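Here are some exercises to work through with the structure open next to you. Try each task before you read its solution.

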Amino acid sequence: MKIAISTTGKNSDSVLDMRFGRCEYFQIYDTKAGKIIILENKGRLSSGGAGIAASNQLIDEKVDVIITGNLGPNAFELIAAEGIKAYKCKSIAINSVLEKYNNGELEEITISGPAHHGGHN
Amino acid sequence: MNIAVLSGKGGTGKTTVSTNLALALQANYIDCDVEEPNGFLFLKPSIEKTEQVMVEYPVMDDKKCVACRECIKVCQFHALAKVKDKVILFEKLCHGCGACKIICKYDAIIYNQREIGKIETGQTRNIHCSRGILNIGEPMAVPVIKKLLQNISEGNYIIDCPPGTSCNVVNTLRYVDGAILVTEPSEFGLHDLKIAVEVVKMFQIPFGIIINKDDGKDNIIRQYCKKENIQIIGAIPYSKEIAQVYSKGDILYDHFKIKPIFKKLANRSKEVLQWN
């Protein structure tokens, strides 16, 4: 199983980034292969559609679970359609995020947060 | 002669200046503030024609699409995404640029059209009036503005710009020969005026400043204009009477006491903007 977490840094003591579309990195934990992939969020600097760009990256990585703060409407739509489960968590260290997930303490995201519009078009 | 009326800061009096100058100069009026066009509230033209503004968007032929992702990669606006081996479109992010259709090797993309707004045209007091209206929920105003300004005929036009200095304003300025910058003597008014001046300078067109809600003193706007050597067209005083006429939706130019202010602004505008 592949678990993607939106993060502010590349290490296991980095904290979860509450923003999905505009987070710095995604840390992907591949529980089967026992590997960690660090993915730079390409959507972060785009003027619009950041959530979609970020979702596209994670769909390509074939992740099964996303843990983040909030999902915007576009990202939520994509992730739900792809059948990826998303969970809400506070901005705590990635180690603790995984622990909470494994203990089943995280709440599933079933509605999207408010839309953020980036730059002007 | 096309003259843009812009401001930087919102609520400084673009529409007040535009509508009254259009009447004083007997110039046609175009409301490009398509997200909240309010000039017609004052001019009250009879609407003669309403046209739709359409934009193009891609439609995927699922039989031909192999979900190769080339269209997703080429889209600069992140309007496309792949879900369960199907490409889906977020139509409000699409700019209709056509890149996805060009890149598709499987001829799986066709373009359809959808309405994003309207253009209304009419007449009042021997001037021609038009305005764009962006449909509620639509984020992209530029196609409406372009359609409004693309086919304007010969003559003189006062073009009421959107607030700010974003793409909407820049696209409007592409069609004008001169600009009037309306501001007010406040810190915000000055701050945003400076940005608007920078934008107008890029177009190398004559421009001047109108100070609205003016206190008549050597205020921060006058000091800035003197320092930067920018011409002041004139001022509209900070007055309760003006606010009262405006709040009823009446035309300031019809008011015998206020009319001379706009007559003077009209003459000075011609001078500063080298009209004729």
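How many bridges join strand S5 (residues 85–88) of chain A to S6(A), and do the two run parallel or antiparallel? Two bridges join them, and the strands run antiparallel. Before you go on, note that this is a predicted model, where local features need pLDDT of at least 70 and side-chain atom pairs count only at pLDDT 80 or more, while totals for chains, interfaces and linings use all residues. Residues are numbered from 1 along each chain as its sequence is written, and chains are lettered from A and ligands numbered from 1 in the order in which they are written.

**Exercise 1. Map the sheet of chain A.**

Step 1: get the vocabulary straight. Helices (H or I, at least four residues) and strands (E, at least two) are DSSP runs, numbered from the N terminus. Two strands pair if DSSP finds at least two bridges between them.

Step 2: list the elements. Chain A has three helices and six strands, and along the sequence they follow the pattern β-β-β-α-β-α-β-α-β.

Step 3: put the strands in order. They make an open sheet of six strands, S3-S2-S1-S4-S5-S6, with mixed pairing. At the edges sit strand S3 (35–40) and strand S6 (107–108) of chain A, each pairing on one side only.

Step 4: look at the pairs. S1(A) and S4(A) run parallel with three bridges, and Ile3(A) is opposite Val65(A) there. S4(A) also runs parallel to S5(A), this time with four bridges, and Thr68(A) faces Lys88(A). In the antiparallel pair from the opening question, Tyr87(A) stands opposite Glu108(A).

Step 5: add a helix. Helix H3 (residues 94–102) of chain A packs on the sheet and touches strand S1 (2–7), strand S2 (25–30), strand S4 (65–68) and S5 of chain A. Its direction makes about 140 degrees with that of S1(A). Axes here are lines fitted to C-alpha atoms, for helices over the stretch in contact, and angles run from 0 to 180 degrees between N-to-C directions.

**Exercise 2. Say which way the side chains of S4(A) point.**

Step 1: recall the rule. In a regular strand the side chains alternate between the two faces of the sheet.

Step 2: apply it. Val65(A) and Ile67(A) point one way from S4(A), Ile66(A) and Thr68(A) point the other way, and all are buried. Buried means that 20 or more other C-beta atoms, placed from the backbone, lie within 10 Å of the residue's own; 12 or fewer makes it exposed, and in between it is partly exposed.

Step 3: zoom out. Buried residues make up 39% of the 121 residues in chain A.

**Exercise 3. Follow strand S2 of chain B.**

Step 1: check its sides. From strand S2 (residues 28–31) of chain B, Asn28(B) and Ile30(B) point one way, Tyr29(B) and Asp31(B) the other, and all are buried.

Step 2: find its partners. Four bridges link S2(B) to strand S8 (residues 157–160) of chain B, in parallel, and Asp160(B) is the bridge partner of Asp31(B). Three bridges link S2(B) to strand S7 (residues 127–134) of chain B, also in parallel, and there Asp31(B) stands opposite Arg131(B).

Step 3: place the strand in its sheet. The open sheet of nine strands has the order S3-S6-S7-S2-S8-S1-S9-S10-S11 (chain B), with mixed pairing.

**Exercise 4. Explain why Thr16(B) counts as buried.**

Step 1: locate the residue. Thr16(B) lies in helix H1 (residues 14–25) of chain B.

Step 2: count. Thr16(B) has 23 C-beta neighbours inside 10 Å, so it counts as buried.

Step 3: name its contacts. Leaving out residues up to four places away in sequence, Thr16(B) touches Tyr246(B) and Leu252(B). Two residues are in contact if their C-beta atoms, placed from the backbone, lie within 7 Å.

**Exercise 5. Describe where the chains meet.**

Step 1: count both sides. 16 residues of chain B are in contact with 16 residues of chain A.

Step 2: find the main contributor. On the chain B side, the largest share, three residues, comes from strand S4 (residues 80–83) of chain B.

Step 3: sort by class. That side has eleven nonpolar, three polar and two charged residues. Ala, Val, Leu, Ile, Met, Phe, Trp, Tyr, Cys and Pro count as nonpolar, Asp, Glu, Lys and Arg as charged, and the others, Gly among them, as polar.
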